[in-house]
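Let's take a walk through this protein together, starting with the overall layout and then stopping at a few residues. Keep the structure open beside you as you read.

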Amino acid sequence: MKSRVGLAAGVAALAAGLLTAPAYAAPTVQAENRAADTYLTSGQGKTACPSGRLCLYKDINYNGGGSAAILVTRAKVTSLGSYQFNDEASSYFNNTSLSAVLYENDGLRGGQLSIRSQGSGNLGSSWNDKVSSLQFLS
Ligand SMILES: [Ca+2]
């Protein structure tokens, strides 16, 4: 009798685990979705940045050393950490018609770096791996 109770409990626990597994397996990084305002992809070069988007590249020279992560956006991002891109950006290309501001901290706080429309380049030693949020200026 005792062993049967144990088995039942085990089966119940297993079933509960199976039922909850999809929730734990859900990715924290938004899958690439080119219709989304913001998404993470990978690639290299300024040509990897779609028109109408601002791109933050993980490495300098637009991932010049090889394909690497690119954060692509056309909207305010209050926490790049939501895209596993906090303090990661090393170069940028603002392929939009709007100016943008990059911020040192989450929530559009801390130091600010203004990026003009069509501006691009490396973030430099003072901004390398520091950007945590951003917004566009209308
Ligand atoms: Ca930061």
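Two residues are said to be in contact if their C-beta atoms, placed from the backbone, lie within 7 Å. Please keep in mind that this is a predicted model.

With that notion of contact in hand, begin with G110. This glycine sits in strand β6, which covers residues 109–115. Setting aside its neighbours within four places in sequence, G110 is in contact with Y103, E104 and N105. Is G110 buried or exposed? It falls in between: G110 counts as partly exposed because 13 other C-beta atoms lie within 10 Å, and a residue needs 20 or more to be buried and 12 or fewer to be exposed. You can also look from G110 to V131, which is 21 residues away in sequence, with 9.8 Å between the two C-alpha atoms.

Now step back to the whole chain. The protein has three helices and eight strands, and from the N terminus on they run in the order α-β-β-α-β-β-β-β-β-α-β. Of its 138 residues, 28% count as buried. Among the contacts between residues at least 6 apart in sequence, 64% join residues at least 24 apart.

A good example of two residues distant in sequence is Y39 and I70. They are 31 residues apart along the chain, and their C-alpha atoms are separated by 8.5 Å. Y39 belongs to strand β1, residues 38–43. With 18 other C-beta atoms within 10 Å, Y39 is partly exposed.

Next, turn to the backbone angles. Most residues other than glycine have a negative phi. Which way does N63 go? Its phi is positive, near 60 degrees, and N63 is a residue other than glycine. You will find N63 in helix α2, residues 60–63. N63 has 22 C-beta neighbours inside 10 Å, so it counts as buried.

L108 gives you a second case of this kind. Phi of L108 is also near 60 degrees, a positive value in a residue other than glycine. Where does L108 lie along the chain? It is in the loop between β5 (99–105) and β6. L108 is partly exposed, because it has 18 other C-beta atoms within 10 Å. From this loop you can follow the chain into strand β6, back to G110 where the tour began.

Conventions
Residues are numbered from 1 along each chain as its sequence is written. This is a predicted model: local features need pLDDT of at least 70, side-chain atom pairs count only at pLDDT 80 or more; totals for chains, interfaces and linings use all residues. Helices (H or I, at least four residues) and strands (E, at least two) are DSSP runs, numbered from the N terminus.
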